Amino acid sequence: METLDPSDNQLVERTQAGDARAFDELVVRFSPRLYGLIYNMTASHEDTNDLLQEVFAKAYRSIRGFQGKSSFYTWMHTIAVNMTINFLKKRNRRKTMSLDDVDNGILNDPDFIAATSNGDPSHSANLGELQKKLNESMLKLSHEHRAVVTMFDIQGMPHAEIAKILKISEGTVRSRLFYAHKQLQTHLQEFIKQ
Amino acid sequence: MDNNDISKLLRLKRYEQPPAEYFENFLAEFQLRQRAEVIHRPFFQIAWDRLCRFLAPPSMPRLAMAGSFAVAVIATGSVLTWSDSETEGLTPSMPTIAQQAPAPSSPSQATKSAPAVQYVLPAEVVTYASRRSF
């Protein structure tokens, strides 16, 4: 994460020199990951699509100012997080996530199997209910806490990287995570007890 | 229920991804949007972009480019203004005709006191003959 991926760097340089195809390659490379980030913060596929378009448009307009002080990965994530938080502040309303788009791969995930069936059929929960509870709990977090949880727990980013993206200290990242987990624990407690 | 359980549950959300075709279409949609933006952009913005691309090194931010352009314009303007004032100070100021010769109050006074004003006319032969020769 710390050092620039040479390929990304080359693509950035080519884009800065006016090669639009190089930027297309960056879009292909970064869109799935940024989609996950924005989607887990907005809880709407439609908003995610629009925001992702705007994020790449902004990145393309500003790429001449990118000097490589941080990695391109960090730079893109910073743009995406800031734009999403601004969007959420403006939107200021909550939406429920669509459950239709959940990938079927989740059914084979060991964590999912462990969480949904403990040998007791009455203890098992269906996919829809689990997702619903998770989404509800996530939406109760503040935008800033949701951003930290999304990057750390869902995207698996280290504390240091999150701190760079959000321009806060690692201690603040850890405290936000702690607080967010506490809140999620409270919300999910009932579901787990069932 | 501890942090580990929460983390495990949250990891499940990684699977909430759109189908693979979405990302293929996404690039096409992005390119269309970019082209539409270019078409609807005002001419001066396109011209400015091209100027930036031509003059500035790739890593130079646009704001810095605009700032240096503004500084260059101000510097040029101040140099020009300064050089004008400098030349005004160095060259002797020529008195105007009005200062040299005050307007006479009467025609007789004018013939007596007014200095002889000499007008230099172009030394060109006045002729009505056509210059064209066939």
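These are my notes from looking through a predicted model, chain B to begin with and then a helix pair in chain A.

**Chain B, overall**

I started with the secondary structure. I count 6 helices and 0 strands in chain B, so to speak an α-α-α-α-α-α string when read from the N terminus. Next I looked up burial: of the 134 residues in chain B, 13% are buried. For the surface, I noted about 11100 Å² exposed by chain B, with 64% of that coming from carbon and sulfur atoms.

**Chain B, helix 1**

Which residues of helix 1 of chain B are buried? I took residues 3-11 and found Ile6(B), Ser7(B), Leu9(B) and Leu10(B). Looking down the axis of helix 1 of chain B, I see these buried residues fall within an arc of 165°, so they line one face of the helix.

**Chain A, helices 2 and 3**

Then I moved to helix 2 (residues 20-42) and helix 3 (residues 45-62) of chain A. Their axes come within 9 Å and cross at roughly 140°. I therefore put helix 2 and helix 3 of chain A down as oblique to each other. For handedness, I have their crossing as right-handed.

Who makes the contact between helix 2 and helix 3 of chain A? I listed both sides:

- From helix 2 of chain A, the contact residues include Phe23(A), Leu26(A), Val27(A), Phe30(A), Leu34(A), Tyr35(A), Ile38(A) and Tyr39(A).
- From helix 3 of chain A, they include His45(A), Asp47(A), Leu51(A), Leu52(A), Val55(A), Phe56(A) and Tyr60(A).
- I also marked Ser31(A) and Thr42(A) on helix 2 and Thr48(A) on helix 3 as part of this contact.

Methods:
Residues numbered from 1 in each chain as written. Chains lettered and ligands numbered in written order. Predicted model: local features only at pLDDT ≥ 70, side-chain atom pairs only at ≥ 80, totals over all residues. Heavy atoms only, no water. Helix = DSSP H or I, 4+ residues; strand = E, 2+ residues; numbered from the N terminus. Buried < 20%, exposed > 50% of the residue type's maximum accessible area, 1.4 Å probe, protein only. Areas by Shrake-Rupley, 256 points an atom, 1.4 Å probe, with all protein chains shown as cover. Arc of directions from axis to C-beta. Axes fitted to C-alpha atoms, helices over the stretch in contact; angles between N-to-C directions. Parallel < 35°, antiparallel > 145°, perpendicular 65-115°, else oblique. Left-handed = near helix turned anticlockwise from the far one by under 90°. Contact = heavy atoms within 4.5 Å.
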